[in-house]
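Trainee: I have the sequence and the model open. Can we go through them together, one question at a time?

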Amino acid sequence: MIDGYPDYMIESIKKVEKKRYYNMKHPVKPMSMNERQEMLSKYHPDFMKGTRRELKIGVDKGQVFYNGIVDLLEAAPILNPKDVDLTKIDYDVDLLIIGGGGAGTVAALFAHESGVPIAKILIVTKLRHGDANSMMAQGGIQAADRPNDSPALHYLDIYGGGHFTNKPELARSLALDAPGIINWHENLGVMYDRQDDGEFQELSGGGTCRNRMHSCKDYSGMEIMRNIRDRARNLEIPVLEFAPIAELIMDDKGQVAGAVAFNLETYEYYVIRAKATILATGGSGRLHLSNYPTTNHYGATGDGLVMAYHVGANLRDLDTIQIHPTGDAFPEPIVGILSTEKIRGLGAIPLNKNGDPFVFPLEPRDVESASLIRECKEGRGIVTPTGMPGLWLDTPMIEIKHGEGTIATKLAGEVRKFKRFGIDMTKHPILVYPTLHYQNGGVEINEKCETLISGLFAAGEVSGGVHGKNRLMGNSLLDFNVFGRRAGIYAAKYIKKAKVGKLTLNHLDKYNKMLEKAGIKPNKTAPIILPEYRGEMAISRSLDIF
Amino acid sequence: MGESKQVLIENKKSNDQKIKAGEVEVFIMGKSYKVPAGLTIMKALEYAGYRFIRGCGCRAGFCGACSTVYRIEDEQKLGFDLACQKVVEDKMYLVQLPFVPAAKAEYDIEKIEPTDTTLIEMYPEIARCVSCNTCTKSCPQDIETMKYIQMAVRGDIERCAELSFDCIQCGLCAMRCPADIKHYHLAQLARILRGKYLDPKSKNLAKRLKEVDQRKFDDEIAKLMKMSKKDIMELYKKRKIEAEEEGDLGGD
């Protein structure tokens with residue numbers, strides 16, 4: 001055993017090493033548009049039979065979404081209205097923000113700036129404030145601020161990257177608000193990577209026509225998230241942690257008027273009445289759609305989609321998922337965790353078990369992923385001891401191309417990750433396979449982050465329309481800032497005129513009836529709140545007697 | 001040490017089943033479980049039947065929710081790591097640290113100034129640092145924690161911010177410090193002061209902001225929004241890609 005690899009993998013690594021210089025000199029050419037389309041239609045899960053199906057109930061009845069999403073929407077609401085006394089209000093606020101990640105925190109800050117008093121804001125979150133995909137984003141955030149760039153070019157990249165399926169007005173907001181967001185970050189004290197003259201170090205990414213990726217080393221999301229969270233803490237914005245929302249509350253006028261929170265530790269519920277509610281619950285990687293491992297955090301279970309659908313808000317673009325080509329496939333403890341696209345950007349090439357290249361390293365994410373899937377399906381992948389297929393990403397090429405020490409300085413976080421398992425990525429390749437990364441669609445919003453239902457706003461990964469059917473890199477950190485800000489501002493405006501009527505959970509009874517009418521007999525409930533990862537043996541012996 | 005040693009021995013006795021090949025024995029807060037070798041501490045606890053509410057966040061080493069203290073049986077030293085990153089070892093005694101009580105200074109970033117004494121005024125306890133280096137040894141990110149505290153004592157905000165940059169705010173340093181320093185909160189302040197006041201600002205950005213305010217791009221974007229799908233697809237295909245000329249790509 002050299003490094004952390006078992007012997008049979010080392011045999012394959014020897015082939016990789018032997019062909020390394022040859023492979024660097026003879027790269028695979030990029031695909032034509034037609035070849036790309038063919039690759040996608042044959043090997044991307046978005047095009048595979050059996051991954052998606054038609055939804056039978058609700059406002060989006062007849063639309064095709066991923067099975068795992070439809071399963072949740074066709075499950076029974078988790079809350080029994082009879083168990084909740086809505087006459088006793090535990091928290092009476094102007095603005096309820098569901099989710100303590102990037103979008104929720106930014107929304108709170110801007111709602112406060114727009115006049116909502118601190119004491120009248122409440123952030124509720126499933127885990128801790130800041131436990132979110134926002135914290136995990138590595139690469140960076142896009143904004144067109146260099147002289148050779150423009151928000152119009154950024155718009156074109158967003159729209160084309162989304163296969164021209166985005167809501168144009170949302171793509172416009174994303175591009176036009178971006179420079180203002182970076183400026184806001186500067187004023188908050190976010191430490192961006194800069195040149196000596198103060199200009200940002202800006203890199204490119206797949207699908208962007210200009211270099212406009214602003215980064216904070218390979219901890220961009222963490223630096224932004226911990227900074228805005230510190231700001232919220234200084235302002236003492238109330239945060240209720242470990243209290244996921246089970247369902248939204250409506251009023252007799254058909255508006256969303258708050259939510260029922262569930263204390264994970266004491267099992268109590270809390271009734272929250274609010275004039276406006278912002279849904280900022282993030283994504284759904286932990287649903288493991290199409291059985292993919294995921295880069296997402298523990299709480300990313302798509303709860304927001306479910307509770308929004310229960311009150312009648314519509315969803316979109318959930319017939320697609322973003323799989324990132326290079327999730328880790330070995331060793332087992334890090335399966336699904338991201339190995340940044342920057343690794344290929346710096347010159348590493350994906351190779352099969354024979355050490356042969358099979359795809360241009362920088363195809364768009366969906367095409368690159370499909371190519372890796374094909375290679376494994378056709379038997380040229382390496383199968384790990386736990387049965388996971390994978391392909392080599394030949395990282396030592398980076399040191400040959402850019403000089404020794406490049407990996408240590410440019411990919412410090414990645415080196416740290418592999419070093420823990422005895423793998424030196426400067427000397428040996430890493431094993432990768434596509435991983436579930438991002439929820440492209442979600443609850444449809446407009447430029448004011450309004451949903452179909454009055455009183456309910458949405459921002460961040462839970463929302464739909466900004467990225468259409470495919471998000472470009474660097475646009476998700478931007479998304480939660482741009483639309484978190486907008487949600488805070490427009491919710492604050494809405495609050496000034498809003499009047500809440502009598503609280504009700506009747507919509508849940510109606511939803512149950514709708515399920516019955518459609519002939520669906522749910523054996524599951526939703527939202528699911530947290531994924532189930534307990535060992536099979538432990539679950540099979542579990543008794544519900546205490 | 002005497003007392004904990006006794007407890008360890010007691011547990012050893014109570015465990016009568018033999019370990020199979022490919023298994024290791026771990027003690028979750030003193031209680032014995034057998035789990036497959038090669039799992040992370042986090043996955044081992046789940047395998048044993050624990051369902052996390054606390055002590056689990058991103059599961060990828062970024063959020064600091066799962067700081068864990070451990071000691072391998074009969075070993076002198078305590079170990080510190082993240083449950084989502086550290087693989088279990090045989091006879092490992094585990095306790096998770098789901099919350100760190102460490103008060104953060106409150107400040108208005110618009111009103112404070114980055115002087116030599118700002119950090120020590122906000123966190124005066126850093127003056128009590130005895131350079132024992134326990135903080136550094138307990139950091140799962142291998143940050144030179146004590147060194148950045150020394151920089152803070154000296155008033156070197158810039159270096160303090162730089163050295164602490166990879167901090168995931170798990171709080172292990174603060175739990176171990178004999179001087180009761182709240183390292184990770186102090187480091188957050190240092191980075192904010194540097195980002196806001198010390199790093200030079202971008203002139204390109206300032207210029208672009210003015211242009212956006214003057215609505216310079218509105219017409220051009222409006223035109224793109226009105227284009228037929230066919231026309232905008234053509235335009236999209238014809239874009240010149242800056243990176244193709246330079247070969248320098250980034251992204252996540």
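Trainee: Which elements of chain A do the buried residues of α12(A) pack against?

Mentor: This is a predicted model, so read every value as computed from it. The partners include one helix, α3 (33-43) of chain A. The others are strands of chain A: β14 (322-328), β15 (350-351), β17 (389-393) and β18 (430-438).

Trainee: How many of the 13 residues of α12(A) are buried?

Mentor: A residue is buried here if 20 or more other C-beta atoms lie within 10 Å of its own. The buried set includes charged residues, among them A:R365, A:D366, A:E368 and A:E375. It also holds A:V367, A:L372 and A:I373. The helix is mostly covered, and the count is 11.

Trainee: What span should helix α12 of chain A have, and how far apart are its end C-alpha atoms?

Mentor: The helix runs over residues 365-377, which is 13 residues. At 1.5 Å a residue, the expected span is 18 Å. The end C-alpha atoms agree with that, at 18 Å.

Trainee: Which residue with a positive phi follows α12(A)?

Mentor: Look just past the helix, whose residues are 365-377. The phi there is near 90°. The residue is A:G379.

Trainee: Why is chain A said to be as compact as a globular protein of its length?

Mentor: Start with the content: chain A has 18 helices and 23 strands. For 546 residues the globule rule gives 24 Å. Chain A is as compact as a globular protein of that length because its radius of gyration is close to that, at 24 Å.

Trainee: What share of the contacts in chain A between residues at least 6 apart in sequence joins residues at least 24 apart?

Mentor: Of the 546 residues of chain A, 61% count as buried. The C-alpha atoms fill a box of roughly 75 × 60 × 45 Å along the principal axes. For the contacts you ask about, the share is 76%.

Trainee: Which element gives the most to the side of chain B that touches chain A?

Mentor: Chain B has 12 helices and 5 strands. In the interface, 67 residues of chain B are in contact with 77 residues of chain A. Elements giving two or more residues to that side of chain B include α2 (41-48), α9 (203-213) and α10 (218-226) of chain B. The top contributor, with 7 residues, is α8(B).

Trainee: How many residues on that side of chain B are nonpolar?

Mentor: That side also holds 13 polar residues. Another 22 are charged. The nonpolar count is 32.

Terms used:
Residues are numbered from 1 along each chain as its sequence is written. Chains are lettered from A and ligands numbered from 1 in the order in which they are written. This is a predicted model: local features need pLDDT of at least 70, side-chain atom pairs count only at pLDDT 80 or more; totals for chains, interfaces and linings use all residues. Helices (H or I, at least four residues) and strands (E, at least two) are DSSP runs, numbered from the N terminus. The radius of gyration is taken over C-alpha atoms; the globule rule is 2.2 Å times the number of residues to the power 0.38. A residue is buried if 20 or more other C-beta atoms lie within 10 Å of its own, exposed if 12 or fewer, and partly exposed in between; C-beta atoms are placed from the backbone. Two residues are in contact if their C-beta atoms, placed from the backbone, lie within 7 Å. The expected span of a helix is 1.5 Å times one less than its number of residues.
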